[in-house]
Amino acid sequence: MRAVRIHAHGGPEALAVDELPVPRPGPGELLIRTAVAGVGRPDVRLTRAAHVTLPHAPGGDVAGRVEAVGHGVSGWEVGDRVVALAFGGAYAEFVTVPAAFAAPVPDGVDDEAAVVLVRCGQVALGVLRAARLEAGESVLVTAAAGGVGHLAVQLARVLGASRVVAAIGVSVPAKAEALRSVGADEVVTYADLAADGVEPVDVVADGTGGDVQAAALAALAPFGRLVAFSATTPRVDVDQLRLNARIVIGFAMAHYAGGRPEVYARHRAELWELYRDGRLRPLVDSVRPLEKAGDAHRALESRENIGRVLLRVS
């Protein structure tokens, strides 16, 4: 089978297509014939991480059909449509995944939408629920044009936010137009945030970290909550949190999916329903062939994408 791996730490140029044997599912696993794979920023960052053992096969979210069922797995048949989280080897014609992180794809949901919703949707909804967003509150979303961000903008509106502010790196008319079309009231740049150009908000969904997170934290109103779900974060001054009555929450999907499977399943059902009702519109920036995985990584590193970047595998 064809599979994309990296053999040296580096950027998009390090990705190469290898010929590998088709894996066999172990106990508790499914083997999926991959149709579409999602490319996420955390997986892109790992290609440059010195601690990652080589060769490295990036993980991601995948949609396709069940090819084989491992020992101890019930409820699945060969040929079933499936969407799942793969912790490695996602950019490949076949991938094994834990059955616990796989779900059937309902009728009326195509592979591209399923891939966007299975992880990005879960993160966006989980972050807003972790923030305990209440109807009438205001929300700021950083990295708003990304896979998670554009869904967080929409879900904030679905959950009753009175004002949704979308923050992006630089002013790009196409990004601003897309974000307004899915529910943003305001679109601001990170420079605007740093210059205190945003009215205080009750909730921040931060997928950027660094200086942007520090500026977003400063934009929180008293009793506001910032949820960090991606990228590196600066040190937080607890005294400043206390003095301003602000809260910072960390969100990691692996802990959430593994530790609260009943909530994970409930959120998944909610996302399917919102999509089928037309209240949630996943944006797909591009669908590239497997051989162009490096270009997909390059698009994410340059933050040029509007919505999710996908690979068409088969």
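This tour visits an open β-sheet and then an internal cavity in a predicted model.

**The sheet.** Begin by displaying the six strands of the open sheet, whose order is β10-β9-β8-β11-β12-β13 and whose pairing is parallel. The edges are formed by β10 and by β13 (247-250), each of which pairs on one side only. On average, neighbouring strands of this sheet are turned by 20° against each other, direction ignored. Strands of a sheet pair through backbone hydrogen bonds.

**The β10 edge.** Select residues 163-168, strand β9, together with residues 186-189, strand β10; the two run parallel and are joined by four bridges. To inspect one pairing, centre the view on alanine 167, whose bridge partner in β10 is valine 188. Next, add residues 173-181, which form helix α4; with β9 and β10, this helix makes a right-handed β-α-β unit.

**The β13 edge.** Move to the opposite edge and select residues 220-228, strand β12, which runs parallel to β13 and is joined to it by four bridges. Here valine 227 has isoleucine 249 of β13 as its bridge partner.

**The cavity.** Finally, select Leu117, Val118, Gln122, Arg268, Leu271 and Trp272, which line the largest cavity. The count is one cavity of 30 Å³ or more, and the volume of the largest is about 30 Å³. Show helices α2 (111-130) and α9 (261-276) as well, since each supplies at least two residues of this lining. By class, the lining comprises four nonpolar residues, one polar residue and one charged residue.

Definitions and conventions. Residues numbered from 1 in each chain as written. Predicted model: local features only at pLDDT ≥ 70, side-chain atom pairs only at ≥ 80, totals over all residues. Heavy atoms only, no water. 1 Å grid on protein atoms, 1.4 Å probe; cavity = no way out; pocket = protein on both sides within 12 Å on 5 of 7 lines; lining within 4 Å. Points joined across faces, edges and corners; volume = space filled by probe spheres on them. Nonpolar A, V, L, I, M, F, W, Y, C, P; charged D, E, K, R; others polar. Pairing = 2+ DSSP bridges. Right-handed = clockwise from strand over helix to strand, strands pointing away. Axes fitted to C-alpha atoms, helices over the stretch in contact; angles between N-to-C directions.
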